[in-house]
Amino acid sequence: MHKFMMKVAVLMSGLILSVSLAAQPYPNKPISLVVPQAAGGTNDIVARLIAPAFGDAIGGSVVVENRPGAGGNIGTQSVARSAKDGYTLLLGYAGTLSINPSLLDKVPFDSVKDFTPIGKIGDAILIIVANNDFPGKTLGDVISISKKDPNGLSYGTSGSGGTPHIAGELFKQKTGANLVHVPYKGGGPMTVALMSGEVQIAISNPGTLLQQVRAGRLRALAYNAPTRSPLLPNVPTMIEAGVTGMEFDSSWYGVFAPAKTPAAIVNRLHGEIRAALKVTAVRESLAAIGMEPVGNTPTEFKGFVEKSIKRYAEIVKIAGIQPE
């Protein structure tokens, strides 16, 4: 009887502890914001810009965690399989969630069914940049120089299947440029390769390259915005540079939770993301890397992602892009 009573006491204490923990307000421990790419790229920059203000807004700590690999699929899949308690979130982006489903034969998650959208952080333009050893000065020079090289002109991106890769392949289709894609594991390694001359041109979001351009260590040739950006007012748009048909969805970034995360937590997270995006320092920092804050509702964001998947599927098919 004594042993039985002790077992009951242990079970009861465990139950009381579980109930006590469940009753604690959310969040009662750090929230992990997973970036499925290496440190130094635009994804990582965006996450680290938003995390402090996000944490302040929610009254807790938001820790950025890099889980790179397989074009973003490894980190993304890990979030899809994580607990649905609001403590593991994904910094999602177009490359993994919108493009990979059409580009790859098999993706280890469903971009719509396995995630609950919290809110879009923002949209960013894409820019074509050359190192200072590249002999050309314009986008037209990129085309003509590439055509004269039987081996093609290598261009770097932050990885296979991302919006920069899609843009590069679409650029080839539209112009006949002889370009060879060189994917890197994130924007940081890509920038190092560009600076060292491993590749002479790159396509990326401004966040990865803007500082180097402003310092004169790299040269911006053009970008895919409809009008010139105040960030680089002397750099032409692709249309101004003579290349049309490059209009497609921007490089977007947003926060996701695993599917079936409780609605109360989703709504709470959405409200705090919107609050973080209203912080002046956050808005200015995002603008400085060429990103316009959005902060739409979970329902709006879900509809956007679904349309983005269909749009990129069309581009991948038309451009004949193959996985690498």
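**Close-up 1. Pro 117 and its partner across the strands.** In this predicted model, Pro 117 has Phe 256 of β10 as its bridge partner. Zoom out a little and you'll see the two strands involved: β4 covers residues 115-124, and β10 covers residues 251-258. They pair in the antiparallel sense, over eight bridges. If pairing is new to you, strands of a sheet are held side by side through backbone hydrogen bonds, either parallel or antiparallel.

**Close-up 2. The sheet of six strands.** Read across the open sheet and the strands come in the order β2-β1-β3-β10-β4-β11, with mixed pairing. Which strands sit at the edges? They are β2 (62-66) and β11 (291-293), and each one pairs on one side only. From one strand to the next, the twist averages 30°.

**Close-up 3. Helix α2 on the sheet.** Made of residues 42-58, helix α2 packs on the sheet. Its contacts are with β1 (31-35), β2, β3 (88-93), β4, β10 and β11. Compare the direction of α2 with that of β2 and you get an angle of about 160°.

**Close-up 4. Helix α3 and Gln 77.** Here's another helix to look for: α3, residues 73-80, lies across β1, β3, β4 and β10. It runs at about 140° to β3. Now find Gln 77, which belongs to helix α3. Is Gln 77 buried or exposed? Its relative accessible area is 18%, and the cut-off for buried is under 20%, so Gln 77 counts as buried. Leaving aside residues up to four places away in sequence, Gln 77 touches Pro 108 and Phe 109.

**Close-up 5. A cavity inside the model.** How many cavities of 30 Å³ or more turn up? The count comes to one. The largest cavity has a volume of about 140 Å³, and 17 residues line it. To find its centre, look for Gln 37, Tyr 93, Ser 158, Gly 162 and Pro 164, the lining residues that lie nearest to it.

**Close-up 6. What the cavity lining is made of.** Three elements give two or more residues each to the lining of the largest cavity: α4 (94-103), α6 (163-175) and β10. Which element gives the largest share? That's β10, with three residues, and you've already met this strand as the antiparallel partner of β4. Sort the lining by residue type and you get five nonpolar and twelve polar residues, with no charged ones.

How values were computed: Residues numbered from 1 in each chain as written. Predicted model: local features only at pLDDT ≥ 70, side-chain atom pairs only at ≥ 80, totals over all residues. Heavy atoms only, no water. Pairing = 2+ DSSP bridges. Helix = DSSP H or I, 4+ residues; strand = E, 2+ residues; numbered from the N terminus. Axes fitted to C-alpha atoms, helices over the stretch in contact; angles between N-to-C directions. Contact = heavy atoms within 4.5 Å. Buried < 20%, exposed > 50% of the residue type's maximum accessible area, 1.4 Å probe, protein only. 1 Å grid on protein atoms, 1.4 Å probe; cavity = no way out; pocket = protein on both sides within 12 Å on 5 of 7 lines; lining within 4 Å. Points joined across faces, edges and corners; volume = space filled by probe spheres on them. Nonpolar A, V, L, I, M, F, W, Y, C, P; charged D, E, K, R; others polar.
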